[in-house]
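Q: Please take a close look at one part of this structure: the pairing at the start of the main sheet. Then work outwards from there, and keep it brisk.

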Amino acid sequence: MKNILVTGGAGFIGSAFARMMVTRYPEYNIIVYDKLTYAGNLDNLLPISDEPNYKFEQGDIAHRETVRRVLSDHAIDTVVNFAAESHVDRSIMGADAFMHTNSIGVYILLDEGRSHGLERFLQVSTDEVYGSLAVGEAVESSPLAPRNPYSAAKAGGELMVRAYHETHGMNTVITRGSNTFGPYQYPEKLLPFFITEAIEDKALPLYGDGMQVRDWLHVEDHVSGIDVALHKGAPGEIYNVAGEDLRHNIHVAHDMLARLGKPTTLLKHVPDREGHDLRYAMNCDKLRALGWKQAHTWETALEATVAWYRNNEWWWRKIKTGEYLEYYKRQYAARLAAAGDS
Ligand code: NAD
Ligand code: TYD
(Lines give C-alpha, C1' and ligand atoms only; values in the text may rest on other atoms or scores of the structure.)
(Ligands and ions follow the chains in the order given, each with its own letter.)
Protein backbone atom coordinates (compact mmCIF):
# COMPACT_ATOMS: atom_id res chain seq x y z
CA MET A 1 0.00 0.00 0.00
CA LYS A 2 1.53 3.31 -1.07
CA ASN A 3 -0.69 5.47 -3.27
CA ILE A 4 -4.20 5.71 -1.84
CA LEU A 5 -7.13 7.29 -3.68
CA VAL A 6 -9.65 8.69 -1.20
CA THR A 7 -12.83 9.21 -3.21
CA GLY A 8 -15.34 11.61 -1.66
CA GLY A 9 -12.45 12.90 0.46
CA ALA A 10 -13.69 16.51 0.48
CA GLY A 11 -16.80 15.55 2.46
CA PHE A 12 -17.24 15.14 6.20
CA ILE A 13 -15.88 11.65 6.95
CA GLY A 14 -13.62 11.34 3.89
CA SER A 15 -11.78 14.55 4.80
CA ALA A 16 -11.30 13.34 8.40
CA PHE A 17 -9.83 10.13 6.96
CA ALA A 18 -7.54 12.08 4.59
CA ARG A 19 -6.36 14.38 7.40
CA MET A 20 -5.62 11.37 9.64
CA MET A 21 -3.83 9.35 6.94
CA VAL A 22 -1.62 12.22 5.73
CA THR A 23 -0.22 12.77 9.21
CA ARG A 24 -0.31 9.17 10.50
CA TYR A 25 1.41 7.66 7.43
CA PRO A 26 3.93 10.08 5.88
CA GLU A 27 5.15 7.15 3.72
CA TYR A 28 1.78 6.98 1.89
CA ASN A 29 0.59 9.37 -0.80
CA ILE A 30 -3.01 10.43 -0.25
CA ILE A 31 -4.84 11.56 -3.37
CA VAL A 32 -8.32 12.94 -2.76
CA TYR A 33 -10.74 12.56 -5.69
CA ASP A 34 -14.02 14.43 -5.28
CA LYS A 35 -16.74 15.86 -7.52
CA LEU A 36 -17.26 18.79 -5.12
CA THR A 37 -21.04 18.55 -4.93
CA TYR A 38 -22.89 20.84 -2.49
CA ALA A 39 -21.41 18.66 0.31
CA GLY A 40 -17.81 18.65 -0.91
CA ASN A 41 -15.70 21.45 0.53
CA LEU A 42 -11.99 22.13 0.08
CA ASP A 43 -12.01 24.02 3.40
CA ASN A 44 -12.24 20.57 5.04
CA LEU A 45 -8.81 19.77 3.62
CA LEU A 46 -7.11 23.08 4.49
CA PRO A 47 -5.22 21.57 7.47
CA ILE A 48 -3.29 19.30 5.07
CA SER A 49 -3.29 21.39 1.89
CA ASP A 50 0.47 22.07 2.08
CA GLU A 51 1.54 18.56 3.04
CA PRO A 52 3.88 16.94 0.48
CA ASN A 53 2.03 13.58 0.57
CA TYR A 54 -1.41 15.09 -0.24
CA LYS A 55 -2.92 15.92 -3.64
CA PHE A 56 -6.41 16.80 -4.88
CA GLU A 57 -8.14 15.84 -8.15
CA GLN A 58 -11.67 16.96 -9.02
CA GLY A 59 -13.91 14.37 -10.70
CA ASP A 60 -16.95 12.12 -10.58
CA ILE A 61 -16.54 8.47 -9.52
CA ALA A 62 -19.09 7.56 -12.21
CA HIS A 63 -17.00 9.19 -14.97
CA ARG A 64 -15.03 6.27 -16.36
CA GLU A 65 -12.37 8.15 -18.34
CA THR A 66 -11.46 10.49 -15.49
CA VAL A 67 -11.32 7.63 -13.00
CA ARG A 68 -9.05 5.71 -15.39
CA ARG A 69 -6.71 8.66 -15.89
CA VAL A 70 -6.42 9.39 -12.17
CA LEU A 71 -5.75 5.73 -11.27
CA SER A 72 -2.98 5.66 -13.85
CA ASP A 73 -1.47 9.16 -13.30
CA HIS A 74 -1.00 8.53 -9.58
CA ALA A 75 -0.13 4.81 -9.82
CA ILE A 76 -2.95 4.13 -7.37
CA ASP A 77 -2.79 0.75 -5.57
CA THR A 78 -5.62 1.30 -3.05
CA VAL A 79 -9.05 2.95 -3.22
CA VAL A 80 -11.05 3.96 -0.16
CA ASN A 81 -14.48 5.06 -1.37
CA PHE A 82 -16.39 7.61 0.70
CA ALA A 83 -18.08 9.30 -2.29
CA ALA A 84 -21.84 9.29 -1.87
CA GLU A 85 -24.98 11.29 -1.75
CA SER A 86 -25.45 10.92 1.98
CA HIS A 87 -28.61 12.66 3.17
CA VAL A 88 -31.80 10.61 3.61
CA ASP A 89 -34.13 13.63 3.43
CA ARG A 90 -32.70 14.63 0.03
CA SER A 91 -33.11 11.04 -1.24
CA ILE A 92 -36.82 11.27 -0.37
CA MET A 93 -37.14 14.43 -2.52
CA GLY A 94 -35.46 12.68 -5.49
CA ALA A 95 -33.09 9.74 -5.85
CA ASP A 96 -31.39 10.23 -9.26
CA ALA A 97 -28.10 11.48 -7.82
CA PHE A 98 -28.22 8.70 -5.20
CA MET A 99 -28.43 5.96 -7.84
CA HIS A 100 -25.77 7.70 -9.93
CA THR A 101 -23.15 7.89 -7.19
CA ASN A 102 -24.04 5.29 -4.54
CA SER A 103 -24.71 2.46 -7.02
CA ILE A 104 -23.40 3.25 -10.55
CA GLY A 105 -20.39 5.21 -9.28
CA VAL A 106 -19.29 2.30 -7.08
CA TYR A 107 -19.57 -0.04 -10.07
CA ILE A 108 -17.42 2.23 -12.28
CA LEU A 109 -14.77 2.54 -9.57
CA LEU A 110 -14.68 -1.24 -9.13
CA ASP A 111 -14.59 -1.93 -12.84
CA GLU A 112 -11.82 0.57 -13.57
CA GLY A 113 -10.01 -0.51 -10.40
CA ARG A 114 -10.05 -4.10 -11.58
CA SER A 115 -8.68 -3.26 -15.06
CA HIS A 116 -6.03 -1.10 -13.43
CA GLY A 117 -4.99 -3.94 -11.08
CA LEU A 118 -5.82 -2.44 -7.67
CA GLU A 119 -4.36 -4.21 -4.64
CA ARG A 120 -7.19 -3.21 -2.29
CA PHE A 121 -10.64 -1.60 -2.48
CA LEU A 122 -12.45 -0.45 0.66
CA GLN A 123 -16.10 0.58 0.38
CA VAL A 124 -17.43 2.82 3.14
CA SER A 125 -21.02 1.85 3.84
CA THR A 126 -23.61 2.42 6.53
CA ASP A 127 -25.68 0.73 9.23
CA GLU A 128 -28.74 1.94 7.30
CA VAL A 129 -28.41 -1.02 4.91
CA TYR A 130 -29.72 -3.24 7.73
CA GLY A 131 -32.90 -1.17 7.90
CA SER A 132 -34.80 -0.44 11.09
CA LEU A 133 -34.33 -2.98 13.91
CA ALA A 134 -37.12 -3.20 16.50
CA VAL A 135 -34.84 -5.04 18.95
CA GLY A 136 -31.32 -6.46 19.14
CA GLU A 137 -28.30 -5.44 17.09
CA ALA A 138 -27.14 -6.21 13.56
CA VAL A 139 -24.06 -8.34 12.97
CA GLU A 140 -22.27 -8.41 9.64
CA SER A 141 -24.25 -11.47 8.45
CA SER A 142 -27.66 -9.92 9.24
CA PRO A 143 -29.93 -9.46 6.21
CA LEU A 144 -29.85 -6.28 4.16
CA ALA A 145 -33.23 -4.56 4.47
CA PRO A 146 -32.82 -0.88 3.47
CA ARG A 147 -36.00 1.20 3.69
CA ASN A 148 -35.19 4.53 2.06
CA PRO A 149 -33.71 5.50 -1.33
CA TYR A 150 -30.37 6.53 0.21
CA SER A 151 -29.77 3.22 1.96
CA ALA A 152 -31.16 1.17 -0.93
CA ALA A 153 -28.67 2.81 -3.31
CA LYS A 154 -25.84 2.22 -0.77
CA ALA A 155 -26.87 -1.45 -0.52
CA GLY A 156 -26.74 -1.65 -4.34
CA GLY A 157 -23.15 -0.38 -4.28
CA GLU A 158 -22.21 -2.90 -1.59
CA LEU A 159 -23.68 -5.82 -3.54
CA MET A 160 -21.53 -4.91 -6.53
CA VAL A 161 -18.45 -4.85 -4.28
CA ARG A 162 -19.35 -8.34 -3.13
CA ALA A 163 -19.82 -9.46 -6.76
CA TYR A 164 -16.40 -8.12 -7.80
CA HIS A 165 -14.81 -10.01 -4.93
CA GLU A 166 -16.65 -13.29 -5.59
CA THR A 167 -16.52 -13.18 -9.40
CA HIS A 168 -13.24 -11.45 -10.13
CA GLY A 169 -11.31 -12.13 -6.93
CA MET A 170 -10.87 -8.44 -6.13
CA ASN A 171 -9.40 -7.73 -2.71
CA THR A 172 -12.31 -5.81 -1.19
CA VAL A 173 -13.41 -4.82 2.30
CA ILE A 174 -16.66 -3.13 3.35
CA THR A 175 -17.17 -1.08 6.50
CA ARG A 176 -20.63 -0.18 7.82
CA GLY A 177 -20.53 2.88 10.06
CA SER A 178 -23.16 4.22 12.42
CA ASN A 179 -24.40 7.83 12.79
CA THR A 180 -21.25 9.90 12.78
CA PHE A 181 -20.71 13.42 14.12
CA GLY A 182 -17.86 15.87 14.70
CA PRO A 183 -16.14 18.82 13.00
CA TYR A 184 -16.70 19.75 9.31
CA GLN A 185 -20.08 17.94 9.00
CA TYR A 186 -22.39 19.64 6.51
CA PRO A 187 -25.07 21.39 8.58
CA GLU A 188 -28.01 19.43 7.17
CA LYS A 189 -27.44 16.39 9.43
CA LEU A 190 -29.05 16.37 12.88
CA LEU A 191 -26.22 17.54 15.16
CA PRO A 192 -24.47 20.21 13.06
CA PHE A 193 -27.87 21.49 11.86
CA PHE A 194 -29.28 21.78 15.38
CA ILE A 195 -26.06 23.21 16.90
CA THR A 196 -25.70 25.94 14.27
CA GLU A 197 -29.42 26.81 14.38
CA ALA A 198 -29.44 26.87 18.20
CA ILE A 199 -26.46 29.23 18.25
CA GLU A 200 -28.81 31.66 16.45
CA ASP A 201 -31.79 30.81 18.74
CA LYS A 202 -33.78 29.36 15.82
CA ALA A 203 -36.50 26.69 16.09
CA LEU A 204 -35.16 23.12 15.89
CA PRO A 205 -37.45 20.81 13.86
CA LEU A 206 -37.55 17.43 15.61
CA TYR A 207 -39.25 14.82 13.41
CA GLY A 208 -42.29 13.14 15.00
CA ASP A 209 -42.01 12.34 18.69
CA GLY A 210 -38.20 12.38 18.66
CA MET A 211 -38.10 8.83 20.06
CA GLN A 212 -36.15 7.40 17.10
CA VAL A 213 -32.91 5.70 18.12
CA ARG A 214 -29.50 6.13 16.52
CA ASP A 215 -26.07 4.74 17.43
CA TRP A 216 -23.67 7.69 17.75
CA LEU A 217 -19.99 7.59 16.77
CA HIS A 218 -17.36 10.34 16.75
CA VAL A 219 -15.81 10.87 13.32
CA GLU A 220 -12.25 10.27 14.61
CA ASP A 221 -13.34 6.86 15.92
CA HIS A 222 -15.08 6.10 12.62
CA VAL A 223 -11.98 6.85 10.53
CA SER A 224 -9.66 4.98 12.90
CA GLY A 225 -12.00 1.98 12.47
CA ILE A 226 -11.71 2.29 8.68
CA ASP A 227 -7.92 2.43 9.04
CA VAL A 228 -7.95 -0.84 11.04
CA ALA A 229 -10.25 -2.54 8.49
CA LEU A 230 -8.08 -1.26 5.62
CA HIS A 231 -4.85 -2.64 7.09
CA LYS A 232 -6.09 -5.75 8.89
CA GLY A 233 -9.45 -6.71 7.38
CA ALA A 234 -9.65 -10.02 5.53
CA PRO A 235 -10.44 -9.91 1.77
CA GLY A 236 -14.18 -10.06 1.04
CA GLU A 237 -15.14 -9.31 4.65
CA ILE A 238 -17.49 -6.73 6.14
CA TYR A 239 -16.86 -4.85 9.41
CA ASN A 240 -19.38 -2.86 11.44
CA VAL A 241 -17.99 0.37 12.94
CA ALA A 242 -20.38 1.35 15.71
CA GLY A 243 -20.39 3.61 18.71
CA GLU A 244 -22.51 0.97 20.44
CA ASP A 245 -24.06 4.00 22.14
CA LEU A 246 -27.81 4.11 21.44
CA ARG A 247 -29.69 7.35 22.09
CA HIS A 248 -33.11 8.80 21.31
CA ASN A 249 -33.03 11.87 19.08
CA ILE A 250 -34.81 13.94 21.71
CA HIS A 251 -32.15 13.12 24.31
CA VAL A 252 -29.38 13.90 21.84
CA ALA A 253 -30.99 17.31 21.29
CA HIS A 254 -31.39 17.92 25.04
CA ASP A 255 -27.73 17.03 25.74
CA MET A 256 -26.58 19.34 22.97
CA LEU A 257 -28.75 22.25 24.17
CA ALA A 258 -27.47 21.84 27.73
CA ARG A 259 -23.87 22.15 26.52
CA LEU A 260 -24.73 25.20 24.45
CA GLY A 261 -26.62 26.80 27.36
CA LYS A 262 -29.82 27.09 25.27
CA PRO A 263 -33.41 26.24 26.34
CA THR A 264 -35.24 23.07 25.26
CA THR A 265 -38.13 25.33 24.19
CA LEU A 266 -36.21 25.77 20.90
CA LEU A 267 -37.31 22.22 19.99
CA LYS A 268 -40.44 21.97 17.81
CA HIS A 269 -42.08 18.63 17.04
CA VAL A 270 -42.74 18.72 13.29
CA PRO A 271 -44.40 16.19 10.90
CA ASP A 272 -42.27 13.07 10.65
CA ARG A 273 -39.86 12.01 7.88
CA GLU A 274 -41.58 9.63 5.41
CA GLY A 275 -40.64 5.98 6.07
CA HIS A 276 -38.56 7.09 9.06
CA ASP A 277 -36.35 4.24 10.36
CA LEU A 278 -37.14 3.93 14.06
CA ARG A 279 -33.99 2.31 15.34
CA TYR A 280 -30.46 1.43 14.19
CA ALA A 281 -28.14 -0.77 16.27
CA MET A 282 -24.99 -2.71 15.41
CA ASN A 283 -22.54 -4.99 17.14
CA CYS A 284 -18.87 -4.39 16.28
CA ASP A 285 -17.06 -7.25 18.04
CA LYS A 286 -15.58 -8.28 14.68
CA LEU A 287 -13.71 -4.98 14.28
CA ARG A 288 -12.70 -4.90 17.95
CA ALA A 289 -11.14 -8.34 17.46
CA LEU A 290 -8.78 -6.67 14.95
CA GLY A 291 -7.69 -4.23 17.67
CA TRP A 292 -10.01 -1.23 17.16
CA LYS A 293 -10.90 0.84 20.23
CA GLN A 294 -12.87 4.04 20.52
CA ALA A 295 -11.03 7.07 21.89
CA HIS A 296 -14.18 9.11 22.63
CA THR A 297 -17.19 8.81 24.91
CA TRP A 298 -20.53 10.44 24.07
CA GLU A 299 -19.81 13.20 26.61
CA THR A 300 -16.29 14.07 25.41
CA ALA A 301 -17.28 13.82 21.75
CA LEU A 302 -20.36 16.03 22.13
CA GLU A 303 -18.46 18.61 24.18
CA ALA A 304 -15.68 18.83 21.56
CA THR A 305 -18.18 18.99 18.70
CA VAL A 306 -20.28 21.78 20.21
CA ALA A 307 -17.07 23.72 20.94
CA TRP A 308 -15.86 23.25 17.36
CA TYR A 309 -19.02 24.72 15.79
CA ARG A 310 -18.97 27.58 18.29
CA ASN A 311 -15.34 28.37 17.41
CA ASN A 312 -15.56 27.85 13.65
CA GLU A 313 -18.40 30.04 12.46
CA TRP A 314 -16.16 30.98 9.48
CA TRP A 315 -16.66 27.40 8.25
CA TRP A 316 -20.43 26.99 8.51
CA ARG A 317 -21.71 30.53 7.96
CA LYS A 318 -20.54 30.60 4.36
CA ILE A 319 -22.25 27.25 3.70
CA LYS A 320 -25.61 28.47 4.99
CA THR A 321 -26.40 30.55 1.91
CA GLY A 322 -27.69 29.90 -1.64
CA GLU A 323 -28.43 26.19 -2.27
CA TYR A 324 -28.55 25.51 1.47
CA LEU A 325 -31.32 28.04 2.03
CA GLU A 326 -33.32 26.63 -0.91
CA TYR A 327 -33.06 23.15 0.60
CA TYR A 328 -33.98 24.44 4.07
CA LYS A 329 -37.12 26.09 2.67
CA ARG A 330 -38.24 22.96 0.81
CA GLN A 331 -37.59 20.67 3.76
CA TYR A 332 -38.65 22.70 6.76
CA ALA A 333 -40.93 25.67 5.95
CA ALA A 334 -44.15 23.60 5.75
CA ARG A 335 -43.14 21.37 8.65
CA LEU A 336 -42.37 24.28 10.96
CA ALA A 337 -45.56 26.05 9.88
CA ALA A 338 -47.52 22.88 10.74
CA ALA A 339 -45.88 22.97 14.16
CA GLY A 340 -46.97 26.59 14.62
CA ASP A 341 -43.56 28.14 13.95
CA SER A 342 -41.85 29.44 10.81
P1 NAD B 1 -20.77 13.91 2.77
O2 NAD B 1 -22.06 14.14 2.08
O3 NAD B 1 -20.29 14.88 3.79
O4 NAD B 1 -19.59 13.79 1.68
C5 NAD B 1 -19.74 13.09 0.48
C6 NAD B 1 -18.60 13.53 -0.45
O7 NAD B 1 -18.71 12.78 -1.67
C8 NAD B 1 -18.65 15.01 -0.83
O9 NAD B 1 -17.35 15.57 -0.73
C10 NAD B 1 -19.11 15.00 -2.28
O11 NAD B 1 -18.63 16.09 -3.04
C12 NAD B 1 -18.53 13.67 -2.76
N13 NAD B 1 -19.25 13.10 -3.92
C14 NAD B 1 -20.61 12.97 -4.05
N15 NAD B 1 -20.88 12.42 -5.25
C16 NAD B 1 -19.69 12.18 -5.87
C17 NAD B 1 -19.31 11.61 -7.09
N18 NAD B 1 -20.23 11.17 -7.98
N19 NAD B 1 -18.00 11.51 -7.41
C20 NAD B 1 -17.06 11.96 -6.55
N21 NAD B 1 -17.36 12.52 -5.36
C22 NAD B 1 -18.66 12.64 -5.03
O23 NAD B 1 -20.88 12.45 3.37
P24 NAD B 1 -20.23 11.81 4.68
O25 NAD B 1 -21.16 12.00 5.81
O26 NAD B 1 -18.82 12.26 4.78
O27 NAD B 1 -20.28 10.27 4.29
C28 NAD B 1 -19.16 9.64 3.67
C29 NAD B 1 -19.46 8.18 3.45
O30 NAD B 1 -19.73 7.56 4.70
C31 NAD B 1 -20.69 7.93 2.58
O32 NAD B 1 -20.41 6.85 1.72
C33 NAD B 1 -21.78 7.58 3.57
O34 NAD B 1 -22.72 6.71 2.98
C35 NAD B 1 -20.98 6.89 4.65
N36 NAD B 1 -21.53 6.97 6.01
C37 NAD B 1 -21.90 8.18 6.56
C38 NAD B 1 -22.38 8.22 7.87
C39 NAD B 1 -22.77 9.52 8.53
O40 NAD B 1 -23.31 9.49 9.65
N41 NAD B 1 -22.49 10.67 7.95
C42 NAD B 1 -22.50 7.04 8.61
C43 NAD B 1 -22.12 5.82 8.01
C44 NAD B 1 -21.62 5.81 6.72
P1 TYD C 1 -29.69 12.45 10.11
O2 TYD C 1 -28.60 13.24 10.73
O3 TYD C 1 -30.33 12.96 8.86
O4 TYD C 1 -29.11 10.97 9.90
P5 TYD C 1 -29.88 9.60 9.49
O6 TYD C 1 -31.18 9.91 8.88
O7 TYD C 1 -28.91 9.04 8.50
O8 TYD C 1 -29.96 8.79 10.75
O9 TYD C 1 -30.85 12.25 11.19
C10 TYD C 1 -30.59 11.65 12.43
C11 TYD C 1 -31.93 11.49 13.14
O12 TYD C 1 -32.43 12.80 13.44
C13 TYD C 1 -32.98 10.82 12.27
O14 TYD C 1 -33.80 9.99 13.10
C15 TYD C 1 -33.80 11.98 11.74
C16 TYD C 1 -33.72 13.00 12.86
N17 TYD C 1 -33.78 14.42 12.41
C18 TYD C 1 -34.72 15.29 12.96
O19 TYD C 1 -35.53 14.91 13.85
N20 TYD C 1 -34.77 16.58 12.51
C21 TYD C 1 -33.94 17.03 11.56
O22 TYD C 1 -34.03 18.22 11.16
C23 TYD C 1 -32.95 16.13 11.00
C24 TYD C 1 -31.99 16.61 9.94
C25 TYD C 1 -32.91 14.83 11.47
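A: In this predicted model, strand S1 (residues 3-7) and strand S2 (residues 29-34) run parallel, joined by five bridges. One of the pairs is easy to find: Val6 has Val32 in S2 as its bridge partner. Helix H1 (residues 12-24) lies across this pair, and also across S3 and strand S4 (78-81). Relative to S2, H1 runs at about 165 degrees. H5 packs on the sheet too, where it touches S5 and S6. The direction of H5 makes about 155 degrees with that of S5.

Now the whole sheet. It is open and has seven strands, with parallel pairing. Read across, the order is S3-S2-S1-S4-S5-S6-S10. Which strands stand at the edges? They are strand S3 (54-58) and strand S10 (237-241). Each has a single partner strand, so one side of each has no neighbour in the sheet. From one strand to the next, the twist averages 20 degrees.

Next, the loop that follows S2. Three of its residues are worth a stop. Leu36 sits in the loop between S2 and S3. Leu36 is not a glycine, yet its phi is positive, at about 60 degrees. Its relative accessible area is 26%; partly exposed runs from 20% to 50%, so Leu36 counts as partly exposed.

Asp43 lies in the loop between S2 and S3 as well. Is Asp43 buried or exposed? The cut-off for buried is under 20%, and Asp43 has a relative accessible area of 15%, so it is buried. Setting aside residues up to four places away in sequence, Asp43 touches Tyr184, Trp314, Trp315 and Lys318.

Asn53 also belongs to the loop between S2 and S3. With 7% relative accessibility, Asn53 falls under the 20% cut-off and therefore counts as buried. Beyond its neighbours within four places in sequence, Asn53 is in contact with Val22, Tyr25, Pro26, Tyr28, Asn29 and Ile30. One of these residues makes a polar contact: the backbone oxygen of Tyr25 is 3.5 Å from a polar atom of the Asn53 side chain. For a sense of scale, take Met211. It is 158 residues from Asn53 along the chain, and their C-alpha atoms are 45 Å apart.

Back to helix H5, residues 149-168. Why does its length make sense? At 1.5 Å a residue, its 20 residues should span 28 Å, and the end C-alpha atoms are 28 Å apart, so the two agree. The N-terminal end is capped by Asn148. A side-chain oxygen of Asn148 lies 3.1 Å from the backbone nitrogen of Tyr150. Just after the helix comes Gly169, with a positive phi of about 70 degrees.

Tyr150 is one of the buried residues of H5. The others are Ser151, Ala153, Lys154, Ala155, Gly157, Glu158, Val161, Tyr164 and His165. Against what do the buried residues of H5 pack? They pack against helix H3 (88-93), helix H4 (96-116), strand S5 (120-126) and strand S6 (172-177).

Two residues of H5 lead on to ligand 1. There are 29 residues around ligand 1. Tyr150 and Lys154 are among those that come nearest, with Ile13, Asp34 and Ser86. The polar contacts start with Asp34: a polar atom of its side chain is 2.6 Å from an oxygen atom of ligand 1. Ile13 uses its backbone, with a polar atom 2.7 Å from an oxygen atom of ligand 1. Ile61 uses its backbone too: an N or O atom there lies 2.9 Å from a nitrogen atom of ligand 1.

Ligand 2 has 19 residues around it. The closest are Glu128, Arg214, Arg273, His276 and Tyr332. Arg214 places a polar side-chain atom 2.7 Å from an oxygen atom of ligand 2. For Asn249, a side-chain N or O atom is 2.8 Å from an oxygen atom of ligand 2. For Asn179, a polar side-chain atom lies 2.9 Å from an oxygen atom of ligand 2.

One last stop is past the S10 edge. Glu244 is in the loop between S10 and strand S11 (246-248). Glu244 is not a glycine, but it takes a positive phi of about 50 degrees. At 32% relative accessibility, Glu244 counts as partly exposed.

Note on methods
Residues are numbered from 1 along each chain as its sequence is written. Chains are lettered from A and ligands numbered from 1 in the order in which they are written. This is a predicted model: local features need pLDDT of at least 70, side-chain atom pairs count only at pLDDT 80 or more; totals for chains, interfaces and linings use all residues. Side-chain values use heavy atoms; hydrogens and water are left out. Helices (H or I, at least four residues) and strands (E, at least two) are DSSP runs, numbered from the N terminus. The expected span of a helix is 1.5 Å times one less than its number of residues. Buried means under 20% relative accessible area, exposed over 50%, partly exposed in between (1.4 Å probe, protein chains only). Contact means heavy atoms within 4.5 Å. A polar contact is a pair of N or O atoms within 3.5 Å; within protein, one must be able to donate a hydrogen and the other to accept it, and residues adjacent in sequence count only if both atoms are side-chain atoms. Two strands pair if DSSP finds at least two bridges between them. Axes are lines fitted to C-alpha atoms, for helices over the stretch in contact, and angles run from 0 to 180 degrees between N-to-C directions. A residue is near a molecule or strand if one of its heavy atoms lies within 4 Å of it.
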